[in-house]
Amino acid sequence: MIRSSHERLARVAAILTLVALALMVWSVLDPRPLSTVAAMTVGQVIGTTSLVLFLVVVFVRRRP
Amino acid sequence: MGFSVAALRVLVGSTVALAGISALILVVFLVRRPPLGGMTKAWLLMGIGVLSPLAALAGNIVGFEASKRREFCGSCHTMTPYVADAADSGSKTLAAFHSRNEHQGEVSCYVCHKNYGLFASATTKVRGFRHLWAYYTHPDRPPKLYSPYLNRRCTECHSMTLPGFDDEPEHATIKTELRAGTTSCVTAGCHAPVHPSTGGKKS
């Protein structure tokens, strides 16, 4: 059960990272105000959230 | 000033490459659904914790540099007359004169409108959010300054303390007001018109 929830969290982290990366690539290939602001605000928040989720998966699982 | 075009191209390429490799790792993880063992975590660490932050870093640098460029400001249609005037080699407005200056050139909007001080870049970007919000919520409203234009933005380059400054009779008579900022450098009759909307005419 716990293992399954960790795997689900890891998958959510992977999907969020993909969304953040898509925003970042959009902003560098089409650097207009909306894409740039989206990448540097929403993209950063999503990317940071995914990293936190991944760290939770790694460190919570390491605890005895 | 800032990054060269070649350096920015390298950063754009780096962002896309790093994002692509990271995405590949993550898509493989999502499709194959391997157990969360040590090797899987190591790959995820590479995809989520190393490559994507590096892509974000490179992308942010590109974003910061792109947002300084005149064409970036001109991508909102309300700015079209300002940007067109700045690029007009025959225009006599202050903005056009400064845009012909090699030091400002393609980043002339940013150089003259950025804030001043240690956190100038950050506060200028935050103010940019307000512009963006105003543009999308009131797209037909003409742009306006949210606060009076400060003389110190001019004096970053045009010092008031150089000997020649007081040699100009117009400067000498109001130098106290100019230095205090109570009289603007771009007052009508002085260094105006700045933009076409403030009365700029082609000669």
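# Exercises on chain B

The sulfur of B:Cys154 sits 4.1 Å from the closest cysteine sulfur, the one in B:Cys185, which is too far for a bond. Before we dig in: this is a predicted model, where local features need pLDDT of at least 70, side-chain atom pairs count only at pLDDT 80 or more, and totals for chains, interfaces and linings use all residues. Residues are numbered from 1 along each chain as its sequence is written, chains are lettered from A and ligands numbered from 1 in the order in which they are written, and side-chain values use heavy atoms, with hydrogens and water left out.

**Exercise 1.** Work out how many disulfides the structure holds over all chains.

*Solution.*
- Take the cut-off: a disulfide is a pair of cysteine sulfur atoms within 2.5 Å.
- B:Cys154 fails, because its closest cysteine sulfur is 4.1 Å away.
- B:Cys190 fails too: its closest cysteine sulfur, also in B:Cys185, is 8.2 Å away, so too far for a bond.
- The count over all chains is zero.

**Exercise 2.** Classify the aromatic pair in the structure, and say how accessible B:Tyr135 and B:Tyr136 are.

*Solution.*
- Rings of Phe, Tyr and Trp (its six-membered ring) pair if their centres lie within 6.5 Å; planes under 30 degrees apart are stacked, over 60 edge-to-face, and the rest tilted.
- There is one such pair over all chains.
- The rings of B:Tyr135 and B:Tyr136 have centres 5.1 Å apart and planes at 75°, so the pair is edge-to-face.
- For accessibility, buried means under 20% relative accessible area, exposed over 50%, and partly exposed in between (1.4 Å probe, protein chains only).
- B:Tyr135, at 14%, is buried, whereas B:Tyr136, at 46%, is partly exposed.

**Exercise 3.** Check the span of helix 7 of chain B and find where its buried residues lie around the axis.

*Solution.*
- Helices (H or I, at least four residues) and strands (E, at least two) are DSSP runs, numbered from the N terminus.
- The expected span is 1.5 Å times one less than the number of residues.
- Helix 7 (residues 120-137) has 18 residues and reaches 26 Å between its first and last C-alpha, close to the 26 Å expected.
- Its buried residues are B:Ala120, B:Thr124, B:Lys125, B:Leu132 and B:Tyr135.
- They cover an arc (of the directions from the helix axis to the C-beta atoms) of only 120°, which puts them on the same side of helix 7.
- On the other side, B:Val126 and B:Trp133 are exposed.
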